[in-house]
Amino acid sequence: MTAGSIDAGLSGRDPHTPESTLDRPRDYLHAQSTLRSWFLTTDHKRIAILYLTSITLFFIIGAVAAGVVRLALVVPNGAILNNDNYNKAFTLHGVVMVWFFLIPSIPATFGNFLIPLMIGAKDLAFPKLNLTSWYIFMAGALFTMISVVLGGIDTGWTFYAPLSTAFSNTWVLPALIGVTIVGFSSILTGLNFVVTIHTMRAPGMTWFRLPIFVWTHYATSLIFLLATPVITVALILLVAERAFHVGVFDPAYGGDPVLFQHLFWFYSHPAVYIMVLPGMGVISEIVPAFAQKKLFGYKFVAYAAIGLASVTFFVWGHHMFVNGQSDLASLVFSGLSFAVAVPSAVKVYNWTATIHKGSLRLDTPMLYAMGYIGLFVLGGLTGLFLATLAINQHIHATYFVVAHFHYIMVGGTVLAFLGGLHFWWPKFTGRMYNESWGRVSALLIFIGFNVTFFPQFILGYLGMPRRYATYPAEFQLLNVLSSAGATILAAGYIFPMLYLVYSIWWGRRAPGNPWQAKGLEWETTSPPPTLNFITPPKVPNQPYDYPIKVTETGGTPA
Amino acid sequence: MQERSALELWPASASSVAVEADYLILAFTVLTLLLTVPVFLAISYFAVRYREGVDADRDTSNQRSFLIEISWMLIPFLLTLIFFVWGARIFVESKNPPPDAMTVEAIGRQWMWKYQHPTGQSEINDLHVPIDQPIHIRLTSQDVIHAFYLPALRIQMGVVPGRTTDLWFKANRTGTYRLYCSEYCGTDHSLMGGNLTIMTQGEYQEWLTHSGAQQSAPAAGRALYESYGCASCHDPGATVKAPRLAGLYGSQVELEGGRKIVADEEYLRARILNPNENRLAAGYKQIMPSFAGVIPADDLARIVDYLKAYHSTEGEARP
């Protein structure tokens, strides 16, 4: 809002010291500047920045591990990394990416920052608990890193017993304890979001005026609350078995190893939706803003989020079709998994219909969103291949699975994360990044991602098992192609880190609403003041009140 | 195994079930393209057609969203259900071995497979089976979870300690195909595999009668040698100070106390089963555990055979 009044052309650097007037408090970034004011803050926006910084750090660690894995797989005979180090590299990649990047990625950063803004609140319901969540997250994640410093772990991120409890000679215990601790951070974040969304909405902000981003975070929070305790229990039992030989999973002590898989996937399948739903929320904000059109089928999209969060609790057995589960269970889990296609299709077709007859601007966030839709569709449908029993018997635990879940988690979550980061970057920092650089990065990542992971579908169909340090020579060409794609993808990741950081000091100053987007977060300044709104907002309008309307008929007035 | 090129785009199939699974995958791929390509084309077309500033019809008053919503919720779902039923049918068949199936017992352990044929012959890692005969493999594990994967037959099954799992197939094409462990099982997971050789009935009977000679005995012995942990102390590069065993067979060994002995088969056998009995090689400490009661007689015979064939030039590279 102040951008127009300042001549940014005077020098290269554009010092950001917004004038403090009687009616305008300083923005949250400049309200205080001591280290103490950051590390003891209870401002949800500052906590979001703490999370953003820490998960970026973990993303870099996980990405370097992925680079090492792809480098090692250039040759089939393990000449670059020996088996032990390869196993430690892919375990590090999986543990860090899943537990310390993907799960907190969008909820803990964007959710933390935006939910109070979007519903017109001053903060989350429990600001001190919010800060506590970050400290718990850091404590758990750094505790896990102890095992890496001591020499690594080689169990895979799945920690299957009895390999993890009796046979691995690596530093499994610190990793298990660390991941258990991080779980409490998820639970507390979920609790905070649920209470905030129930109790702190601004006057006029009814449930069906909430942005889809808030709906998907509400659904995600329910999964945090209901599923995370199960993995906490499962991990504590692993610790008990490994440290004290309490027989739960290892048949040598009278346990059952398949039991661990049930407990693990009872959490870890819903956890996929902890990663996917917030991304869907981000895309549902970006697409209407860049089409300048009301979101098509708002209520269907909102219910689809709750539908996905519910169905996801009943499909965990599809990870275990060939692991000794009963045949009837496999049939039931296969059928239920197909039902996931319904709410997913609702989302994709509604985004497409939103673009139809819109007024489109193909800026960076929109390019990321379009890439997301393409990759998510492929990832979702290949999931149905895996849910088909006879196909699963062939491609289970092959590279087909690796390709499938990377299409969901990188093509889905990471692209939504980057799209959202570019979309709300002006709101977070008060600065604009260079738009051309943004478009180049979106294109690089889309190309690099597909070159990396599409060949892995073929590798899986040809029968290359996953988690192989060495592999038969007939798979080499596709592996080299995949590794080559990973270098493009790496460039696509590094580039935004550079120009986004650059923009913090040298970027053009952002107006309050650079995209002409709707939603309460765009009605305050960029960056917002500490208490978010200068005058308490009221919500007189329907959500996504864009110039181009959708006439909804047939009994579902939105 | 025949020479393989660096790139193969179609995996070999060796049973009618594998061929049907391929049809299933192919048909599902076609449906996937039917469902996705229109979305991709529509998004690309809309992105160009409805660009900001382009004059286009943006009248949305005729969109009837409720009907559209229901149809795109249900039509793709019902279409994919065809594949659920088809896949489930093949799966149920693959779970019920016919009564005339020949049963092979298989045991997985870190990091090798061991099979026992119904006529008593056993083999390591590589498996030989006859064509046109239902083969029922009963699987179990001695340590962690493994999985037995036969890509040419499009099937795999988890191998779980403490329980028995089953897998059956009827091959209709002879040849040598790959066989893998597909459940991550620790350090040498990627080495836990071998060849599946599908033979004619006559060849199989022939193989059974000469099973010892036909299988590459040193390779099997090497797998056992690694599996029982011999290699981790006795191989070059091991951190434990233990005698190297390459070229040991037939050579003269100086024992602790100055006695000399020729390392014959009897010596090797006794040394493995009871290393504490006054057979310590000069200059080494007694740290090797006894393997009496740990290694069954047939495995011991294979390890001794391997050591007999283990010359100083071998053993550096894995088989």
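Okay, let's start with a question: in which loop of chain A is Pro162(A) found? It's the one between α4 (127-150) and α5 (163-167). I'm opening there since that proline takes part in a cis peptide bond: Ala161(A) and Pro162(A) are joined with omega at about 0°.

Before I go on, keep in mind that this is a predicted model. So how confident is the predictor in chain A? The average pLDDT is 91, and 94% of the residues score at least 70. There are weak stretches, though. Over residues 1-11 of chain A, pLDDT stays under 50, and the model has eleven contacts there beyond four places in sequence. Residues 553-558 of chain A also stay under 50, and for that stretch we have 17 contacts beyond four places in sequence.

Right, back to the backbone oddities. Quick reminder: most peptide bonds are trans, and most residues other than glycine have a negative phi. Chain B has a cis bond to show as well, joining Gln110(B) and Trp111(B), with omega at about -10°. If you want to find Trp111(B) on screen, go to the loop between β1 (102-109) and β2 (112-116) of chain B.

Then the phi angles. Tyr544(A) isn't a glycine, yet its phi is positive, about 55°. You'll see Tyr544(A) in the segment after β2 (508-509) of chain A. Buried or exposed, that tyrosine? Buried, because Tyr544(A) has 25 C-beta neighbours inside 10 Å, and 20 is enough to qualify.

Over in chain B, Asn125(B) is another non-glycine with a positive phi, this one about 65°. Look for Asn125(B) in the loop between β3 (122-124) and β4 (127-130) of chain B. Asn125(B) counts as buried too, because it has 24 C-beta neighbours inside 10 Å.

Now a helix, for a change of scene. α9 of chain A runs over residues 298-311, so to speak a stretch of 14 residues. From first C-alpha to last, α9 reaches 20 Å, close to the 20 Å expected at 1.5 Å a residue. Which residues of α9(A) are buried? Tyr298(A), Phe300(A) and Val301(A) are, along with Leu308(A) and the alanines Ala302(A), Ala304(A), Ala305(A) and Ala309(A).

Last topic, the interface. On the chain A side, 82 residues are in contact with 76 residues of chain B. And what's the make-up of the side of chain A that touches chain B? We get 45 nonpolar residues, 27 polar and ten charged.

That's my tour, thanks.

How values were computed: Residues numbered from 1 in each chain as written. Chains lettered and ligands numbered in written order. Predicted model: local features only at pLDDT ≥ 70, side-chain atom pairs only at ≥ 80, totals over all residues. Helix = DSSP H or I, 4+ residues; strand = E, 2+ residues; numbered from the N terminus. Expected span 1.5 Å × (residues − 1). Buried ≥ 20, exposed ≤ 12 C-beta atoms within 10 Å, placed from the backbone. pLDDT = per-residue confidence, 0-100. Contact = placed C-beta atoms within 7 Å. Nonpolar A, V, L, I, M, F, W, Y, C, P; charged D, E, K, R; others polar.
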